[in-house]
Each structure stands twice: as C-alpha cells, then as structure tokens.
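Reader: I am new to this structure. Please take me through one part closely, then follow the side chains outward from there.

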Amino acid sequence: MKDTNKHQGLRNQLAKQLEEKGITDKNVLEAIKKIPRHLFLNSSFEDFAYQDKAFPIGAGQTISQPYTVAFQSQLLDVKKDDKILEIGTGSGYQTAVLCLLGAKVYSVERQNELFKTTSLLLPKLGIRPKHLSFGDGYKGLPNHAPFDSIIVTAGAPIIPKPLMAQLKIGGKLVIPVGDKEQIMTMLIRKNETQFEKHEFGDFKFVPLLENKN
C-alpha cells in the first residue's frame with residue numbers, strides 16, 4: 001500500500017483540474033489532495049487513478065468520477081461533526097472524503113463483497129467512519145437518524161421517502177435522480193412536511209436498487 005511523491009503530484013494536478021471545472025470548496029479540494037485514490041482501485045487501474053474518470057471496482061459497481069465526488073461533497077457544505085448518512089459505500093472513496101471533511105459518517109452498502117473489502121481497507125488508511133453497514137440503502141438507517149445530511153452515490157428513479165424522513169430540519173439530501181441519466185438533486189428540509197428542491201444538471205451513476213441484497 002504505497003503512496004509516493006509521484007502519487008501526491010498527480011493528486012495535486014487532479015485538484016487543480018477540479019478547481020478549473022468549478023469546484024470552489026477549498027476543504028473538498030484539500031481532501032482530494034490528501035486521499036490516495038489509487039489504493040481504492042484494483043491495481044490494474046492504478047495508473048489511471050488520478051484521471052477524472054469513474055472506474056469499475058467489482059460487483060458491477062464503480063468508483064465515482066472525482067469531479068462527481070467533489071461536486072456532491074461541495075453541495076453538502078460539510079461542517080465539522082456533521083452527522084452524514086451515505087447510501088452506497090462502494091470503494092469507500094467518498095466516505096474517506098467526508099471523513100476528512102470532519103463528518104461523522106454512517107454508510108450503507110448493499111453489495112456484500114464491496115462491504116467486506118471496504119470495511120477492511122478504510123481502517124488501514126486511518127479512515128474511521130462512525131458506522132459501516134451492509135443493507136438496503138433505500139431504507140436508510142432509521143436507528144441512527146436524524147442526520148444533518150444524506151448523500152446518495154447511486155442513481156435513483158425516485159427519491160426514497162425513508163431517506164427524506166431521516167433528515168433533520170434544515171438538513172440536505174443530495175441524490176442523483178433519474179433512470180438512464182440522472183439529475184443531481186438537492187432537497188433541503190424546511191419543516192416536518194416541506195422540502196425545497198434544487199437541481200444541478202446531468203450526471204451518470206450506477207442504479208440504486210431496492211430490496212436487492
């Protein structure tokens with residue numbers, strides 16, 4: 001598990017690229033500079049780890065494009081000790097970014113193979129989410145709710161109601177909504193029953209599947 005000066009140089013370049021694409025949150029850019037993304041990928045992809053692209057990670061899933069990770073993280077506007085629910089742990093890269101931003105991360109993954117791999121990898125990198133669990137992301141984690149923010153890292157045809165219910169008043173839910181192409185959507189909970197909706201253009205994600213464990 002080597003992380004070299006060369007890797008660091010590539011991360012600095014990647015952060016610069018993301019800044020040029022419109023990422024303005026300095027804390028997010030710093031996290032991108034610090035996290036060894038190559039260690040979250042199959043070693044055959046190591047040479048491409050710092051390109052702004054998504055890559056397969058097994059179980060039919062992908063590690064999101066760094067721009068997407070940075071964009072979603074920036075939308076959350078993470079404050080230290082924010083309690084954040086992440087749906088779709090995947091490789092753990094987005095989890096690592098949120099942890100570095102100072103969040104208390106609760107993450108759910110429905111692919112057992114990925115859940116096991118990532119549960120072992122994160123502690124080796126010194127990244128300690130509050131809670132990692134294997135299960136159906138559509139249901140969220142009602143026992144740990146409410147959350148300051150919820151981030152969904154898979155495309156959802158609709159916004160799952162249980163996730164809306166687990167958000168604090170004033171909290172944000174960031175989720176890509178749509179079937180083949182998704183629109184990045186942010187809901188802000190205004191009170192018990194009302195949400196304010198914002199949309200941020202098209203993104204492509206693997207699908208969020210319900211009841212598939």
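Author: What follows starts with one helix, then turns to rings, charges and a buried strand residue.

This is a predicted model: local features need pLDDT of at least 70, side-chain atom pairs count only at pLDDT 80 or more, and totals for chains, interfaces and linings use all residues. Residues are numbered from 1 along each chain as its sequence is written, and side-chain values use heavy atoms, with hydrogens and water left out.

Take helix H2, residues 26–34. Helices are DSSP runs of H or I with at least four residues, strands are E runs of at least two, and both are numbered from the N terminus. Four residues of H2 are buried: Val28, Leu29, Ala31 and Ile32. Buried means under 20% relative accessible area, exposed over 50%, partly exposed in between (1.4 Å probe, protein chains only). Seen down the axis of H2, the buried residues fall within an arc of 155°, so they line one face of the helix. That arc is taken from the directions from the helix axis to the C-beta atoms.

The face turned away from this buried side carries Lys26, Asn27 and Lys34, which are exposed. What covers the buried residues? The cover includes helix H1 (5–20), helix H3 (66–76) and helix H4 (93–100). Now look at the start of H2. There, a side-chain oxygen of Asp25 reaches to within 2.9 Å of the backbone nitrogen of Asn27.

Next come the rings. The model has seven aromatic pairs. Rings of Phe, Tyr and Trp (its six-membered ring) pair if their centres lie within 6.5 Å; planes under 30 degrees apart are stacked, over 60 edge-to-face, and the rest tilted. Phe45 and Phe55 make a tilted pair, 5.2 Å centre to centre with 40° between the planes. Phe45 sits in the loop between H2 and strand S1 (55–58), Phe55 sits in strand S1, and the pair links distant parts of the chain, 10 residues apart. Phe45 is partly exposed, at 22% relative accessible area. Phe55 is buried, at 9%. Phe48 and Phe55 pair too: their ring centres are 6.2 Å apart and their planes lie at 35°, so this pair is tilted. Phe48 is partly exposed, at 37%. Phe45, Phe48 and Phe55 form one aromatic cluster.

Rings also meet charges. The charged end of Lys83 sits over the ring of Tyr106, 5.5 Å from its centre. Lys83 also lies over the face of Phe147, 5.4 Å from the ring centre. The rule asks for NZ of Lys or CZ of Arg within 6 Å of the ring centre and within 35 degrees of the ring normal.

Charges pair with charges as well. The count comes to 12 salt bridges, each a side-chain nitrogen of Lys or Arg within 4 Å of a carboxyl oxygen of Asp or Glu. One of them joins Lys79 to Asp77, with the closest N and O atoms 2.8 Å apart. Lys79 is partly exposed at 44%, and Asp77 is partly exposed at 35%. Another joins Asp136 to Lys139, at 3.1 Å. Here Asp136 is buried at 7%, while Lys139 is partly exposed at 47%.

Last, go to strand S6 (residues 147–152), the place of Ile150. Ile150 is buried, at 0%. Residues that Ile150 touches include Leu76, Leu85, Ile87 and Leu163, not counting residues up to four places away in sequence. A touch means heavy atoms within 4.5 Å.

Note on methods
Polar contact = N/O pair within 3.5 Å; in protein donor to acceptor, adjacent residues only side chain to side chain.
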